[in-house]
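Colleague: I have a model open and would like to learn how to read its features. Where should we begin?

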Amino acid sequence: MGKIQKILVANRGEIAIRIFRACTELKIRTVGIYSAEDNGSFHRYKADEAYLVGKGKKPIDAYLDIEGIISIAKDSGADAIHPGYGFLAENLEFARRCEEEGIIFIGPRSSHLDMFGDKVKAREQAILAGLPVIPGSDGPLSSLQEVETFGETHGYPIIIKAALGGGGRGMRVVRSAEETAEAFERAQSEAKAAFGSSEVYVEKFLDKPKHIEVQVLADTYGEVVHLYERDCSIQRRHQKVVEIAPSTAIDDGLRMDICNAAVRLMKKADYVNAGTVEFLVDGDRFYFIEVNPRIQVEHTITEMVTGIDIVHAQIHIAEGRALHDPETGIPSQDSIPLFGYAIQSRVTTEDPLNHFMPDTGKLMVYRSGGGFGVRLDAGNGFQGAVITPHYDSLLVKVSTWGMTFREAAAKMDRNLQEFRIRGIKTNIPFLENVVKHPDFLSGNYNTAFIDETPELFL
Ligand code: ADP
């Protein structure tokens with residue numbers, strides 16, 4: 001494969017900038033793409049060269065323009081594409097097209113996207129690897145009768161999930177037999193509308209579990225390591241809001257069992273590149289839920305506690321280097337450090353006083369925090385930036401590190417307070433309430449924390 005010379009990043013916002021930075025550090029030239037709506041977007045200027053994509057298409061569709069992106073890659077002489085997260089990151093056709101064109105797709109093989117993009121197939125794979133899964137249907141559901149029988153056998157609540165769902169969408173909790181018919185129908189039609197397939201399956205809905213996920217790196221020679229876990233239990237509407245590494249809520253025995261299970265699955269799947277295996281934890285039991293075959297939003301905190309640059313690693317793996325090659329520099333599993341604690345807050349342009357409605361317009365003032373143990377990953381975080389309604393509302397990721405969890409939390413609180421943003425509403429006041437809440441600080445939380453803590457809502 002050899003050294004990559006030029007990478008096109010098929011994404012926008014903070015993750016595009018994150019990847020450009022890694023490329024520059026590795027002396028790799030960068031190509032950006034931008035939609036017409038992103039004409040003034042910061043990621044465009046952070047690339048060595050950037051091209052308009054998806055002319056005449058809807059704003060979202062511009063970044064999904066497979067052929068447009070492939071032809072920009074070829075014309076600009078990019079030998080690899082990094083898809084970031086979202087958009088085409090898990091798109092089977094896109095990965096296949098890259099493979100056909102001889103462009104390196106910085107991620108797993110298309111066969112892994114096929115295996116893990118569909119939660120029903122992923123679940124089958126996890127069972128094959130001997131991982132515990134939540135009691136659920138074997139394969140997709142074809143009739144309401146099957147849902148009702150499942151509910152009767154396992155008891156309510158249950159959760160109906162879109163096989164191709166993601167991002168906290170396409171899930172419906174059903175609390176009693178009476179709700180099943182409507183929920184099944186709506187879940188199917190929502191799945192079809194959002195993900196192009198009405199395929200759904202059902203699982204027992206666990207009562208207030210923790211969400212624990214394991215970061216994994218795998219090279220093309222079958223070597224797989226984990227970089228420990230992240231605790232992403234602080235969620236709103238099944239979407240992550242604040243993440244922590246490592247978890248303060250599990251003991252070392254459980255931690256090792258979960259991390260080893262993740263490695264076992266990825267080895268069995270012959271996985272390549274960076275990926276995350278997600279679990280729900282209920283007491284001292286853990287259950288596989290899904291694999292995210294890509295870089296994740298919250299990778300920053302794993303980088304802070306292990307010192308490993310995951311995007312660098314992704315690029316080295318894509319170049320065909322072994323994990324323990326001196327250039328890649330990943331230590332053997334036993335020597336991977338885990339040092340202190342890190343927390344990430346997702347600052348969004350959403351108004352916590354108005355049901356988290358996305359706000360748009362111009363940032364009249366933008367000043368961020370800083371200092372020891374602070375990392376900022378921003379997209380359009382600058383005075384004069386125009387926040388449009390076309391894309392997701394993530395403004396900046398604030399990650400803090402501390403020797404103890406409380407120290408990391410104190411730095412987060414102080415940093416959030418230091419932000420001065422005018423012209424656009426953000427969720428910062430809400431985040432401040434989360435990171436100083438006594439239950440957060442004592443590790444006494446689970447996925448129901450935000451819903452059950454009304455005082456967070458100002
Ligand atoms: P997505 O792919 O949309 O992120 P996941 O399957 O990863 O969906 O689930 C997201 C979140 O939804 C989990 O972190 C958890 O809070 C909740 N969830 C999913 N499945 C269950 C379940 N069976 N029981 C309880 N909560 C669940």
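Modeller: Begin with Tyr228, which sits in strand E10. Keep in mind throughout that this is a predicted model.

Colleague: What is the sign of phi at Tyr228, which is not a glycine?

Modeller: The general idea is that most residues other than glycine have a negative phi. Tyr228 has a positive phi, of about 65 degrees.

Colleague: Is Tyr228 buried or exposed?

Modeller: Burial is read by counting neighbours, and a residue is called buried if 20 or more other C-beta atoms lie within 10 Å of its own. Tyr228 has 20 other C-beta atoms within 10 Å, so it is buried.

Colleague: Which residue in the loop between H1 and strand E2 should I look at next?

Modeller: Lys27 is found in that loop, with E2 covering 29–34. Lys27 is not a glycine, and its phi is positive at about 60 degrees. Lys27 counts as exposed because it has 8 C-beta neighbours inside 10 Å.

Colleague: How should I read the peptide bonds?

Modeller: Most peptide bonds are trans. Here the bond from Tyr156 to Pro157 is cis, with omega near 0 degrees. Pro157 belongs to the loop between helix H8 (144–154) and strand E6 (158–162). The bond from Ala245 to Pro246 is also cis, with omega near -15 degrees. Pro246 lies in the loop between E11 and helix H10 (252–268).

Colleague: What is the bridge partner of Ala245 in E14?

Modeller: Ala245 is bridged to Ala342. Strand E11 (residues 239–245) and strand E14 (residues 341–348) run antiparallel and are joined by four bridges.

Colleague: What is the order of the strands in the open sheet?

Modeller: A sheet is read strand by strand. This one has eight strands in the order E13-E12-E9-E10-E11-E14-E21-E19, paired antiparallel. Strand E13 (285–292) and strand E19 (374–378) are the edges; each has a single partner strand, so one side of each is left without a neighbour in the sheet. On average, neighbouring strands are turned by 25 degrees against each other, direction ignored.

Colleague: Which helices lie on this sheet?

Modeller: Helix H11 (residues 299–306) lies across several strands, including E9, E10 and E14, and runs at about 155 degrees to E14. Helix H12 (residues 310–318) packs on the sheet and touches E9 and strand E12 (273–282), its direction making about 130 degrees with that of E12.

Colleague: How many residues of H12 are buried?

Modeller: In an α-helix, residues three or four places apart point the same way, because there are 3.6 residues a turn. In H12, eight of the nine residues are buried, so the helix is largely enclosed by the rest of the structure. Among them are Ile310, Gln314 and His316. The buried residues pack against helix H1 (13–25), strand E4 (80–82), strand E5 (104–105), E9, E12 and H11. Just after H12, Gly320 has a positive phi of about 90 degrees.

Colleague: Which residues come nearest to the ligand?

Modeller: Of the 19 residues around the ligand, the nearest are Glu203, Leu206, His211, His238 and Thr447. The shell divides into seven nonpolar, eight polar and four charged residues. E12 and E13 each supply at least two residues of this shell.

Colleague: Where is His437?

Modeller: His437 is in the loop between helix H14 (428–435) and helix H15 (438–441). His437 has 18 other C-beta atoms within 10 Å, so it is partly exposed. Leaving out residues up to four places away in sequence, His437 touches Thr453 and Leu456.

Terms used
Residues numbered from 1 in each chain as written. Predicted model: local features only at pLDDT ≥ 70, side-chain atom pairs only at ≥ 80, totals over all residues. Pairing = 2+ DSSP bridges. Axes fitted to C-alpha atoms, helices over the stretch in contact; angles between N-to-C directions. Contact = placed C-beta atoms within 7 Å. Buried ≥ 20, exposed ≤ 12 C-beta atoms within 10 Å, placed from the backbone. Near = placed C-beta within 6 Å. Nonpolar A, V, L, I, M, F, W, Y, C, P; charged D, E, K, R; others polar.
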